[in-house]
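User: Here's a model I'd like to talk through. Can you take my questions one at a time?

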Amino acid sequence: MQIQQDAQVVVIGAGPAGSATALHLARAGVDVLLLEKDALPRDKVCGDGLTPRGVHQLLRMGVDISGEGWRRSRGVRVHCDGREIDVDWPATGHYPDFALTRTRHDFDELLARHAQSAGARLLTRTKVTTPLTDAAGRVVGVTAVGQDGEQVEHRAAVVIAADGAPARTALATGWARSTRTPMATAARRYYRTDAFTDDGYLHLWADLRCADADAWLPGYGWLFPLADGRVNLGLGGLPHRRHGNTDLRATFREWVARLPAGWKLDEATADSPLRSAALPMGLNRRPQYRDGLLVVGDSAGMVSPWSGEGIGEAMEAGEIAAHAVALALTRPSGSRREQALHHYPTEVHRRWARHYLLGNALAEHVFARFGYRPLFNRAVMSSPATTRLLAQLFGHLRS
């Protein structure tokens, strides 16, 4: 074994969380090494949507959102019990009044290269195998296998795990997720259709039935138009309180068969297989720092229990983490550095505690039992003030 590529900070995973963290660290003058197990670009199961809060983070990162590949939406069109209502994103003065879609196939690479251009050292096809710890159990680096198959140690003052829902680094240190927070599952498929070429909205269905039980889907369906002439069609759900896990694939097939024929969503226009993934919600690792290791994004369960959206939260947490780490590295190792690192979970709690506390409660007592349909009943959908409030809550646009 050889020791090489030491850095001040090692970031594991070049998804939105890791790339955002590496970008902000590099801009602060920190020597940061960003490790990604796959080659880029690579696919990722996702809705491909960014709420205005996520768009805000892209702007803070200096990402050009005016070029090809981006598509704007002015709001959400909610479908429920035969009714439709268009809910525009609010003009808050703090966040943009539009959302974006872009396929994750090139979105993650765009962010990783953006971090690289800011000074982060990016290594792809480099799989982290184990965290390195000192005699006191503090994480002081990682062991990884590079694209040449050689095992390498990367030592650092701070390690940041942004390695997705499996959270292998955190688990390897004995850091299990909380079982009290929701864990959803989502499935999506791409279709190529011209039916939504001029559509300015994202679409959400709150009235889907489970294929394997006489119950409403404890989640919702979506249709997000993309800039390349495709749509991302998918659904997500929590384990049902009474019926357990939902057969998302069967539910998806039955739902697609009921959609309007004019939308051209069938096997002839399908542009990918149906793929699924876990959605760790509700901040399932708290606090988000311990013993030299910070967790960011899905590895910290940062997916919103309201909407299932996690990209914006991942990028925002990356900025918070980078600020705390950059400050910590100005101090000698010891209690003062630890104080700065603990600012990261403190700031996450300050910004997000109420949003996740209420969302987790609703996920447990409402969404997992009755789905999203109760929130979009006739009384709610006929009240502009109430629908605006729901848009703010679902988009994480309220503090």
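**Strands and cores**

Analyst: Sure. Keep in mind that this is a predicted model. To start with one pair of strands, Phe224 stands opposite Asn232 in S17.

User: How many bridges join S16 to strand S17?

Analyst: S17 covers residues 230-237, and the two strands run antiparallel. The hairpin they form has four residues between the strands, and Gly229 takes a positive phi near 90 degrees there. As for the bridges joining S16 to S17, the count is seven.

User: Which residue stands opposite Trp222 in S16?

Analyst: Look at strand S15, residues 201-205, which pairs with S16 in the antiparallel sense over three bridges. The residue opposite Trp222 is Leu204.

User: Is S16 mostly covered or mostly exposed, and how many of its residues are buried?

Analyst: Buried here means under 20% relative accessible area. Strand S16, residues 219-225, is mostly covered. Its buried count is seven of seven.

User: Which helix gives the most to the largest nonpolar core?

Analyst: That core has 73 residues, and Val9, Leu58 and Tyr344 touch the most other members. The helix that gives the most, with eleven residues, spans 311-328 and is H6.

User: What is Leu58 in contact with, leaving aside neighbours within four places in sequence?

Analyst: Contact here means heavy atoms within 4.5 Å. With those neighbours left aside, the partners of Leu58 are Leu50, Val63, Ile65, Trp70, Leu100, Phe107, Leu111 and Met315.

User: How many residues are in the other core, the one that lies apart?

Analyst: Among its members are Cys80, Ala368, Ala391 and Leu393. This other core's residue count is 36.

Key:
Residues numbered from 1 in each chain as written. Predicted model: local features only at pLDDT ≥ 70, side-chain atom pairs only at ≥ 80, totals over all residues. Heavy atoms only, no water. Buried < 20%, exposed > 50% of the residue type's maximum accessible area, 1.4 Å probe, protein only. Pairing = 2+ DSSP bridges. Core = buried A, V, L, I, M, F, W, Y, C linked by side-chain atoms within 4.5 Å.
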